[in-house]
Amino acid sequence: MKATIDWTGGASFRATSGTGHSVQLDGPPDHGGEDKGPRPMEMLLMGLGGCSSFDVMSILQKSRQDVTGCHAELSAERADAVPAVFTRIHLHFIVTGRNLKENLVKRAVSLSAEKYCSASIMLEKAGVEITHDYEIRDAD
(Lines give C-alpha, C1' and ligand atoms only; values in the text may rest on other atoms or scores of the structure.)
Protein backbone atom coordinates (compact mmCIF):
# COMPACT_ATOMS: atom_id res chain seq x y z
CA MET A 1 0.00 0.00 0.00
CA LYS A 2 1.30 3.43 -0.88
CA ALA A 3 0.25 7.05 -0.62
CA THR A 4 1.66 10.44 -1.46
CA ILE A 5 1.26 13.76 0.31
CA ASP A 6 1.84 17.07 -1.49
CA TRP A 7 1.96 20.46 0.16
CA THR A 8 -0.54 22.87 -1.41
CA GLY A 9 0.31 25.97 0.65
CA GLY A 10 -0.18 27.17 4.20
CA ALA A 11 -1.07 24.15 6.32
CA SER A 12 -2.83 22.36 3.47
CA PHE A 13 -1.86 19.09 1.80
CA ARG A 14 -3.29 16.84 -0.90
CA ALA A 15 -3.16 13.18 0.15
CA THR A 16 -3.39 10.66 -2.70
CA SER A 17 -3.80 6.94 -2.22
CA GLY A 18 -2.00 4.32 -4.27
CA THR A 19 -5.29 3.66 -6.04
CA GLY A 20 -5.49 7.28 -7.19
CA HIS A 21 -8.07 8.70 -4.79
CA SER A 22 -7.28 11.98 -3.13
CA VAL A 23 -8.45 14.14 -0.27
CA GLN A 24 -7.49 17.63 0.82
CA LEU A 25 -6.09 17.87 4.35
CA ASP A 26 -5.91 21.22 6.11
CA GLY A 27 -5.02 22.70 9.44
CA PRO A 28 -6.93 25.18 11.56
CA PRO A 29 -6.56 28.90 10.86
CA ASP A 30 -4.49 29.41 14.01
CA HIS A 31 -1.88 27.08 12.48
CA GLY A 32 -1.88 28.61 9.00
CA GLY A 33 -4.72 26.57 7.55
CA GLU A 34 -7.91 27.64 5.85
CA ASP A 35 -10.15 24.88 7.25
CA LYS A 36 -10.71 23.43 3.75
CA GLY A 37 -10.34 19.79 4.70
CA PRO A 38 -10.14 17.36 7.59
CA ARG A 39 -7.16 17.34 9.94
CA PRO A 40 -4.83 14.34 9.65
CA MET A 41 -5.97 12.92 13.01
CA GLU A 42 -9.59 13.27 11.89
CA MET A 43 -8.69 11.22 8.80
CA LEU A 44 -7.21 8.55 11.06
CA LEU A 45 -10.45 8.44 13.08
CA MET A 46 -12.56 8.36 9.90
CA GLY A 47 -10.36 5.57 8.52
CA LEU A 48 -11.02 3.51 11.63
CA GLY A 49 -14.75 4.10 11.29
CA GLY A 50 -14.72 3.20 7.62
CA CYS A 51 -12.69 0.06 8.22
CA SER A 52 -14.96 -1.20 10.98
CA SER A 53 -18.17 -0.22 9.15
CA PHE A 54 -16.98 -2.10 6.06
CA ASP A 55 -16.46 -5.22 8.18
CA VAL A 56 -19.80 -4.96 9.98
CA MET A 57 -21.73 -4.58 6.72
CA SER A 58 -19.82 -7.38 5.01
CA ILE A 59 -20.47 -9.77 7.89
CA LEU A 60 -24.16 -8.85 8.11
CA GLN A 61 -24.64 -9.24 4.37
CA LYS A 62 -22.96 -12.67 4.47
CA SER A 63 -25.34 -13.52 7.34
CA ARG A 64 -28.24 -12.69 5.02
CA GLN A 65 -29.47 -9.82 7.17
CA ASP A 66 -31.79 -7.30 5.49
CA VAL A 67 -29.75 -4.22 6.38
CA THR A 68 -30.98 -0.89 5.00
CA GLY A 69 -28.51 1.35 6.79
CA CYS A 70 -25.39 1.38 8.90
CA HIS A 71 -24.32 4.55 10.68
CA ALA A 72 -21.23 4.71 12.90
CA GLU A 73 -20.61 7.49 15.39
CA LEU A 74 -17.04 7.75 16.66
CA SER A 75 -15.82 9.76 19.61
CA ALA A 76 -12.19 10.01 20.59
CA GLU A 77 -10.15 11.38 23.45
CA ARG A 78 -6.60 12.57 22.95
CA ALA A 79 -3.69 13.03 25.31
CA ASP A 80 -3.23 16.54 26.71
CA ALA A 81 0.50 16.46 25.95
CA VAL A 82 2.43 16.48 22.69
CA PRO A 83 2.15 14.19 20.85
CA ALA A 84 -1.64 14.37 21.29
CA VAL A 85 -2.24 10.71 20.50
CA PHE A 86 -5.60 9.04 20.80
CA THR A 87 -6.09 7.50 24.23
CA ARG A 88 -9.69 6.29 23.87
CA ILE A 89 -12.03 5.76 20.95
CA HIS A 90 -15.64 4.64 21.11
CA LEU A 91 -17.59 3.38 18.09
CA HIS A 92 -21.38 3.37 18.27
CA PHE A 93 -23.11 1.55 15.42
CA ILE A 94 -26.72 2.20 14.48
CA VAL A 95 -27.81 -0.63 12.22
CA THR A 96 -31.16 -0.29 10.48
CA GLY A 97 -33.01 -3.06 8.71
CA ARG A 98 -35.86 -5.50 8.58
CA ASN A 99 -36.05 -8.36 11.08
CA LEU A 100 -32.42 -7.99 12.11
CA LYS A 101 -31.22 -10.61 14.56
CA GLU A 102 -29.50 -9.00 17.53
CA ASN A 103 -27.07 -11.88 18.00
CA LEU A 104 -25.84 -11.45 14.42
CA VAL A 105 -25.39 -7.67 14.77
CA LYS A 106 -23.50 -8.20 18.04
CA ARG A 107 -21.36 -10.87 16.37
CA ALA A 108 -20.56 -8.60 13.39
CA VAL A 109 -19.44 -5.75 15.66
CA SER A 110 -17.35 -8.13 17.80
CA LEU A 111 -15.70 -9.83 14.83
CA SER A 112 -14.77 -6.49 13.33
CA ALA A 113 -13.24 -5.32 16.60
CA GLU A 114 -11.44 -8.53 17.51
CA LYS A 115 -10.48 -10.12 14.20
CA TYR A 116 -10.96 -8.11 11.01
CA CYS A 117 -10.55 -4.35 11.38
CA SER A 118 -6.84 -3.76 10.83
CA ALA A 119 -7.09 -0.11 11.89
CA SER A 120 -8.82 -0.93 15.18
CA ILE A 121 -6.46 -3.76 16.03
CA MET A 122 -3.39 -1.68 15.15
CA LEU A 123 -4.52 1.23 17.33
CA GLU A 124 -5.32 -1.11 20.22
CA LYS A 125 -1.85 -2.63 20.00
CA ALA A 126 -0.49 0.92 20.23
CA GLY A 127 -2.30 1.41 23.54
CA VAL A 128 -5.56 3.05 22.46
CA GLU A 129 -8.58 1.85 24.45
CA ILE A 130 -11.26 1.07 21.85
CA THR A 131 -14.83 0.25 22.78
CA HIS A 132 -17.86 -0.59 20.65
CA ASP A 133 -21.59 -0.77 21.07
CA TYR A 134 -24.60 -0.88 18.78
CA GLU A 135 -28.27 -0.29 18.50
CA ILE A 136 -30.73 -1.82 16.10
CA ARG A 137 -33.50 0.14 14.43
CA ASP A 138 -36.35 -1.27 12.40
CA ALA A 139 -36.65 0.06 8.87
CA ASP A 140 -39.87 1.92 8.27
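Hi everyone, let's start on the outer side of helix H3: the face turned away from its buried side carries Ser118, Met122 and Lys125, which are exposed (over 50% relative accessible area, with a 1.4 Å probe and protein chains only). Before going on, a word on the source: this is a predicted model, where local features need pLDDT of at least 70 and side-chain atom pairs count only at pLDDT 80 or more, while totals for chains, interfaces and linings use all residues. Residues are numbered from 1 along each chain as its sequence is written, and side-chain values use heavy atoms, leaving out hydrogens and water.

Back to H3, residues 118–125. Ala119, Ser120 and Leu123 are its buried residues (under 20% relative accessible area). Down the helix axis they fall within an arc of 100 degrees, taken from the directions to the C-beta atoms, so they line one face. And what covers them? The cover includes H1, strand E5 (86–98), H2 and strand E6 (129–138), with contact meaning heavy atoms within 4.5 Å. After H3 comes Gly127, with a positive phi near 100 degrees.

Now for two of those covering helices. H1 (residues 40–62) and H2 (residues 102–116) pack at about 135 degrees, on a 0 to 180 scale between N-to-C directions, and their axes are 9 Å apart. That makes the pair oblique, meaning outside under 35, 65 to 115 and over 145 degrees. On the H1 side, Ser52, Asp55, Val56, Ile59 and Leu60 take part, and their partners in H2 include Leu104, Arg107, Leu111 and Tyr116. By type, the contact residues divide into 9 nonpolar, 2 polar and 2 charged. Thanks, everyone!

Note on methods:
Helix = DSSP H or I, 4+ residues; strand = E, 2+ residues; numbered from the N terminus. Nonpolar A, V, L, I, M, F, W, Y, C, P; charged D, E, K, R; others polar.
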